[in-house]
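Trainee: I am new to this structure. Could you show it and explain the terms as we go?

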Amino acid sequence: MLALGVRGGLYAGDSSCYLVGIDGRFPLQLDGGSFTEGVDRALALGTLKGTLPDLVAGLRAILVTHIHLDHLHGWALRSVIDLGQRLRGEAPAPLVLSNPDTVRSLQRHVFNGELWFDAATAASGKPVYLYQSLGDGETLPLEQLASGLLLHHLRMEHPVPTSAFLIELDGQVLAYFGDTGPLPPTFWKERFLPRVEKARRVSVVIEVSFSNEKEALATSSGHLTPTLLASQLAHLPEPLRSRLDLFLTHLKPGEEVGIHAQLEPLRSMVRSLTVPVQGARYALGR
Ligand SMILES: [Zn+2]
Ligand SMILES: [Zn+2]
(Lines give C-alpha, C1' and ligand atoms only; values in the text may rest on other atoms or scores of the structure.)
(Ligands and ions follow the chains in the order given, each with its own letter.)
Protein backbone atom coordinates (compact mmCIF):
# COMPACT_ATOMS: atom_id res chain seq x y z
CA MET A 1 0.00 0.00 0.00
CA LEU A 2 1.33 3.42 -0.99
CA ALA A 3 0.14 6.44 1.00
CA LEU A 4 -0.50 9.40 -1.31
CA GLY A 5 -2.31 11.47 1.33
CA VAL A 6 -2.95 10.77 4.98
CA ARG A 7 -4.38 13.82 6.75
CA GLY A 8 -7.99 14.95 7.12
CA GLY A 9 -9.23 18.22 5.66
CA LEU A 10 -7.41 21.58 5.53
CA TYR A 11 -4.25 20.84 3.51
CA ALA A 12 -4.97 20.14 -0.16
CA GLY A 13 -1.41 18.80 -0.50
CA ASP A 14 -1.90 15.93 1.98
CA SER A 15 -5.36 14.39 2.35
CA SER A 16 -6.92 10.95 2.06
CA CYS A 17 -5.62 8.93 -0.90
CA TYR A 18 -3.95 5.50 -1.11
CA LEU A 19 -2.88 3.08 -3.83
CA VAL A 20 -2.93 -0.71 -3.50
CA GLY A 21 -0.10 -2.59 -5.22
CA ILE A 22 -0.49 -6.10 -6.60
CA ASP A 23 2.45 -7.92 -8.21
CA GLY A 24 4.45 -4.75 -8.74
CA ARG A 25 1.58 -2.78 -10.30
CA PHE A 26 -0.84 -0.29 -8.79
CA PRO A 27 -4.25 -1.14 -10.31
CA LEU A 28 -6.35 0.13 -7.39
CA GLN A 29 -6.84 3.65 -6.03
CA LEU A 30 -8.56 4.32 -2.67
CA ASP A 31 -10.09 7.81 -2.48
CA GLY A 32 -8.44 10.65 -4.33
CA GLY A 33 -7.44 13.50 -1.97
CA SER A 34 -3.89 14.64 -2.69
CA PHE A 35 -3.25 12.24 -5.57
CA THR A 36 -0.68 14.24 -7.54
CA GLU A 37 1.20 15.68 -4.56
CA GLY A 38 1.42 12.17 -3.13
CA VAL A 39 2.80 10.77 -6.40
CA ASP A 40 5.40 13.57 -6.52
CA ARG A 41 6.41 12.81 -2.94
CA ALA A 42 6.65 9.05 -3.59
CA LEU A 43 8.74 9.61 -6.73
CA ALA A 44 11.08 11.90 -4.75
CA LEU A 45 11.38 9.31 -1.96
CA GLY A 46 11.94 6.47 -4.45
CA THR A 47 8.92 4.53 -3.15
CA LEU A 48 7.40 4.81 -6.62
CA LYS A 49 9.10 4.38 -10.00
CA GLY A 50 8.00 5.53 -13.44
CA THR A 51 5.93 8.53 -14.45
CA LEU A 52 2.61 10.04 -13.40
CA PRO A 53 0.93 9.24 -16.78
CA ASP A 54 2.13 5.61 -16.64
CA LEU A 55 0.76 5.23 -13.13
CA VAL A 56 -2.60 6.73 -14.13
CA ALA A 57 -2.81 4.50 -17.23
CA GLY A 58 -2.37 1.42 -15.02
CA LEU A 59 -5.29 2.20 -12.68
CA ARG A 60 -8.20 -0.18 -13.25
CA ALA A 61 -10.49 0.73 -10.34
CA ILE A 62 -11.03 3.82 -8.20
CA LEU A 63 -12.86 3.20 -4.91
CA VAL A 64 -14.47 6.34 -3.50
CA THR A 65 -15.72 6.22 0.10
CA HIS A 66 -17.75 9.44 0.06
CA ILE A 67 -18.15 12.75 -1.71
CA HIS A 68 -16.27 15.05 0.71
CA LEU A 69 -13.66 17.24 -0.97
CA ASP A 70 -10.67 16.08 1.07
CA HIS A 71 -11.18 12.60 -0.43
CA LEU A 72 -11.78 13.83 -3.94
CA HIS A 73 -10.03 17.00 -5.10
CA GLY A 74 -6.69 15.56 -6.27
CA TRP A 75 -8.35 12.87 -8.35
CA ALA A 76 -10.77 15.39 -9.89
CA LEU A 77 -7.88 17.60 -11.01
CA ARG A 78 -5.70 14.71 -12.18
CA SER A 79 -8.64 13.35 -14.18
CA VAL A 80 -7.50 15.51 -17.12
CA ILE A 81 -4.76 12.88 -17.57
CA ASP A 82 -7.41 10.13 -17.71
CA LEU A 83 -9.40 12.19 -20.20
CA GLY A 84 -6.37 12.66 -22.48
CA GLN A 85 -5.51 8.97 -22.35
CA ARG A 86 -9.09 8.01 -23.23
CA LEU A 87 -9.17 10.48 -26.15
CA ARG A 88 -5.94 8.99 -27.51
CA GLY A 89 -7.08 5.41 -26.84
CA GLU A 90 -4.06 4.77 -24.61
CA ALA A 91 -5.80 3.10 -21.67
CA PRO A 92 -9.22 1.59 -20.89
CA ALA A 93 -11.69 3.49 -18.71
CA PRO A 94 -11.29 2.42 -15.06
CA LEU A 95 -14.23 1.48 -12.86
CA VAL A 96 -15.34 4.08 -10.34
CA LEU A 97 -16.96 2.18 -7.47
CA SER A 98 -18.91 3.54 -4.53
CA ASN A 99 -22.27 3.57 -2.76
CA PRO A 100 -25.18 4.79 -4.96
CA ASP A 101 -25.38 8.23 -3.26
CA THR A 102 -21.71 8.99 -3.86
CA VAL A 103 -21.90 7.82 -7.49
CA ARG A 104 -24.91 10.10 -7.99
CA SER A 105 -23.08 13.03 -6.38
CA LEU A 106 -20.03 12.50 -8.59
CA GLN A 107 -22.24 12.57 -11.69
CA ARG A 108 -24.38 15.53 -10.57
CA HIS A 109 -21.90 17.76 -8.80
CA VAL A 110 -18.34 16.96 -9.93
CA PHE A 111 -17.95 15.39 -13.39
CA ASN A 112 -21.08 17.15 -14.64
CA GLY A 113 -19.99 19.22 -17.63
CA GLU A 114 -20.04 22.37 -15.51
CA LEU A 115 -17.75 22.20 -12.47
CA TRP A 116 -15.57 19.86 -14.53
CA PHE A 117 -16.03 17.74 -17.67
CA ASP A 118 -18.84 15.19 -17.94
CA ALA A 119 -17.02 11.91 -17.34
CA ALA A 120 -19.81 9.91 -19.01
CA THR A 121 -19.27 11.46 -22.44
CA ALA A 122 -16.17 13.69 -22.45
CA ALA A 123 -13.88 11.39 -24.45
CA SER A 124 -15.50 12.15 -27.85
CA GLY A 125 -18.82 10.77 -26.58
CA LYS A 126 -17.22 7.85 -24.77
CA PRO A 127 -16.84 7.52 -20.98
CA VAL A 128 -13.71 8.57 -19.14
CA TYR A 129 -14.86 6.46 -16.18
CA LEU A 130 -17.26 3.54 -15.80
CA TYR A 131 -19.43 4.23 -12.76
CA GLN A 132 -20.71 1.28 -10.77
CA SER A 133 -22.84 1.51 -7.62
CA LEU A 134 -22.40 -1.11 -4.94
CA GLY A 135 -25.17 -2.17 -2.58
CA ASP A 136 -24.70 -2.64 1.15
CA GLY A 137 -23.11 -6.05 1.65
CA GLU A 138 -22.48 -6.56 -2.07
CA THR A 139 -19.44 -8.56 -3.18
CA LEU A 140 -17.87 -7.89 -6.57
CA PRO A 141 -15.13 -10.07 -8.09
CA LEU A 142 -12.43 -7.92 -9.69
CA GLU A 143 -10.68 -10.55 -11.82
CA GLN A 144 -9.50 -7.85 -14.22
CA LEU A 145 -7.31 -6.44 -11.42
CA ALA A 146 -5.94 -9.73 -10.12
CA SER A 147 -7.01 -13.36 -10.24
CA GLY A 148 -9.15 -14.17 -7.21
CA LEU A 149 -9.53 -10.56 -6.02
CA LEU A 150 -12.83 -9.88 -4.26
CA LEU A 151 -14.25 -6.50 -3.27
CA HIS A 152 -16.83 -6.41 -0.49
CA HIS A 153 -18.77 -3.23 0.20
CA LEU A 154 -20.27 -2.05 3.50
CA ARG A 155 -22.35 1.09 3.73
CA MET A 156 -21.85 3.38 6.75
CA GLU A 157 -23.01 6.78 7.96
CA HIS A 158 -21.13 10.09 8.18
CA PRO A 159 -22.85 13.46 7.55
CA VAL A 160 -23.13 11.96 4.04
CA PRO A 161 -23.40 8.28 3.08
CA THR A 162 -19.98 6.64 3.19
CA SER A 163 -18.46 3.24 2.55
CA ALA A 164 -15.97 0.69 3.81
CA PHE A 165 -14.27 -1.48 1.19
CA LEU A 166 -12.87 -4.91 2.06
CA ILE A 167 -10.36 -6.08 -0.52
CA GLU A 168 -9.67 -9.81 -0.30
CA LEU A 169 -6.83 -11.64 -2.04
CA ASP A 170 -4.90 -14.82 -1.23
CA GLY A 171 -6.34 -15.16 2.28
CA GLN A 172 -5.59 -11.55 3.22
CA VAL A 173 -8.05 -8.70 3.66
CA LEU A 174 -7.40 -4.97 3.43
CA ALA A 175 -10.33 -3.04 4.95
CA TYR A 176 -10.39 0.62 3.95
CA PHE A 177 -12.88 2.74 5.87
CA GLY A 178 -14.19 6.12 4.82
CA ASP A 179 -14.76 8.75 7.48
CA THR A 180 -17.07 7.36 10.12
CA GLY A 181 -18.29 8.01 13.62
CA PRO A 182 -18.93 5.17 16.08
CA LEU A 183 -20.70 2.22 14.48
CA PRO A 184 -23.18 -0.06 16.30
CA PRO A 185 -21.80 -3.32 17.75
CA THR A 186 -23.86 -5.20 15.15
CA PHE A 187 -21.77 -3.60 12.39
CA TRP A 188 -18.60 -5.22 13.73
CA LYS A 189 -20.10 -8.53 14.85
CA GLU A 190 -22.59 -9.27 12.09
CA ARG A 191 -21.26 -7.43 9.05
CA PHE A 192 -17.50 -6.96 9.40
CA LEU A 193 -16.42 -10.07 11.32
CA PRO A 194 -17.92 -12.70 8.95
CA ARG A 195 -15.91 -11.18 6.08
CA VAL A 196 -12.56 -11.33 7.85
CA GLU A 197 -12.61 -14.09 10.48
CA LYS A 198 -11.11 -16.71 8.15
CA ALA A 199 -8.39 -14.39 6.83
CA ARG A 200 -4.86 -15.16 7.94
CA ARG A 201 -4.06 -11.44 8.09
CA VAL A 202 -6.30 -8.37 8.21
CA SER A 203 -5.12 -4.81 7.58
CA VAL A 204 -7.52 -2.05 8.61
CA VAL A 205 -7.15 1.55 7.44
CA ILE A 206 -9.49 3.66 9.54
CA GLU A 207 -9.72 7.25 10.65
CA VAL A 208 -8.84 8.91 13.93
CA SER A 209 -9.65 12.55 13.27
CA PHE A 210 -9.66 14.11 16.74
CA SER A 211 -7.98 13.66 20.13
CA ASN A 212 -10.00 12.33 23.07
CA GLU A 213 -10.70 15.83 24.41
CA LYS A 214 -12.78 16.57 21.30
CA GLU A 215 -15.10 13.57 21.52
CA ALA A 216 -18.24 15.72 21.30
CA LEU A 217 -17.00 17.37 18.10
CA ALA A 218 -15.92 13.99 16.73
CA THR A 219 -19.29 12.33 17.25
CA SER A 220 -21.30 15.32 16.00
CA SER A 221 -19.21 15.47 12.79
CA GLY A 222 -19.10 11.70 12.19
CA HIS A 223 -15.50 11.06 13.21
CA LEU A 224 -13.49 8.98 15.72
CA THR A 225 -11.02 9.62 18.55
CA PRO A 226 -8.49 7.05 19.90
CA THR A 227 -10.86 6.12 22.74
CA LEU A 228 -13.87 5.84 20.43
CA LEU A 229 -11.89 3.64 18.03
CA ALA A 230 -10.72 1.42 20.91
CA SER A 231 -14.33 0.92 21.97
CA GLN A 232 -15.13 -0.04 18.37
CA LEU A 233 -12.31 -2.59 18.08
CA ALA A 234 -13.36 -4.09 21.42
CA HIS A 235 -16.34 -5.53 19.54
CA LEU A 236 -13.93 -7.83 17.68
CA PRO A 237 -12.69 -11.06 19.31
CA GLU A 238 -9.10 -11.18 20.55
CA PRO A 239 -8.00 -13.96 18.14
CA LEU A 240 -8.89 -11.71 15.23
CA ARG A 241 -7.24 -8.65 16.75
CA SER A 242 -4.02 -10.63 17.14
CA ARG A 243 -3.92 -10.90 13.31
CA LEU A 244 -4.93 -7.30 12.73
CA ASP A 245 -2.58 -4.58 11.48
CA LEU A 246 -4.10 -1.18 12.15
CA PHE A 247 -3.35 1.91 10.04
CA LEU A 248 -4.65 5.18 11.45
CA THR A 249 -5.44 7.86 8.91
CA HIS A 250 -7.23 11.21 8.51
CA LEU A 251 -5.68 12.86 11.58
CA LYS A 252 -6.84 16.47 11.44
CA PRO A 253 -4.04 19.06 11.32
CA GLY A 254 -3.52 20.44 14.83
CA GLU A 255 -4.75 17.20 16.42
CA GLU A 256 -1.72 15.01 15.64
CA VAL A 257 0.29 15.61 18.83
CA GLY A 258 -2.72 14.97 21.05
CA ILE A 259 -3.71 11.83 19.11
CA HIS A 260 -0.20 10.35 19.13
CA ALA A 261 -0.06 10.73 22.92
CA GLN A 262 -3.30 8.73 23.25
CA LEU A 263 -2.52 5.67 21.11
CA GLU A 264 -1.11 3.25 23.74
CA PRO A 265 -4.45 1.58 24.60
CA LEU A 266 -5.04 0.95 20.89
CA ARG A 267 -1.52 -0.39 20.35
CA SER A 268 -2.07 -3.12 22.94
CA MET A 269 -5.28 -4.28 21.22
CA VAL A 270 -3.86 -5.22 17.82
CA ARG A 271 -0.87 -6.93 16.20
CA SER A 272 0.59 -3.65 14.95
CA LEU A 273 -0.33 0.02 14.78
CA THR A 274 0.98 2.40 12.13
CA VAL A 275 0.26 6.04 11.38
CA PRO A 276 1.13 6.27 7.67
CA VAL A 277 3.06 9.22 6.24
CA GLN A 278 2.66 10.65 2.76
CA GLY A 279 4.81 8.97 0.12
CA ALA A 280 5.66 5.92 2.24
CA ARG A 281 5.01 2.35 1.17
CA TYR A 282 3.64 -0.30 3.56
CA ALA A 283 3.93 -4.05 3.06
CA LEU A 284 0.65 -5.67 4.09
CA GLY A 285 0.57 -9.07 5.75
CA ARG A 286 4.27 -9.26 6.51
ZN1 LIG B 1 -12.43 13.42 5.31
ZN1 LIG C 1 -15.81 13.17 5.31
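**Terms and values**

Mentor: In strand S12, Asp245 stands opposite Ser272 in S13. This is a predicted model: local features need pLDDT of at least 70, side-chain atom pairs count only at pLDDT 80 or more, and totals for chains, interfaces and linings use all residues. Residues are numbered from 1 along each chain as its sequence is written, while chains are lettered from A and ligands numbered from 1 in the order in which they are written.

Trainee: How do you know that S12 and S13 pair?

Mentor: Pairing takes at least two bridges found by DSSP. S12 (residues 244-249) and S13 are joined by 3 bridges, so they pair, and they run parallel.

Trainee: What makes S7 and S13 edge strands?

Mentor: Each pairs on one side only. The open sheet runs S7-S8-S9-S10-S11-S12-S13, with mixed pairing.

Trainee: Why are H1 and H3 called roughly perpendicular?

Mentor: Their axes cross at roughly 85° and come within 7 Å. Axes are lines fitted to C-alpha atoms over the stretch in contact, with angles from 0 to 180 degrees between N-to-C directions. Angles of 65 to 115 degrees count as roughly perpendicular (under 35 is roughly parallel, over 145 roughly antiparallel, the rest oblique). H1 and H3 are therefore roughly perpendicular.

Trainee: How do you know that the buried residues of H4 line one face?

Mentor: Thr102, Ser105, Leu106 and Val110 are buried (20 or more other C-beta atoms within 10 Å of a residue's own; exposed is 12 or fewer, partly exposed in between; C-beta atoms are placed from the backbone). Down the axis of H4, the buried residues fall within an arc of 105°, so they line one face.

Conventions. Helix = DSSP H or I, 4+ residues; strand = E, 2+ residues; numbered from the N terminus. Arc of directions from axis to C-beta.
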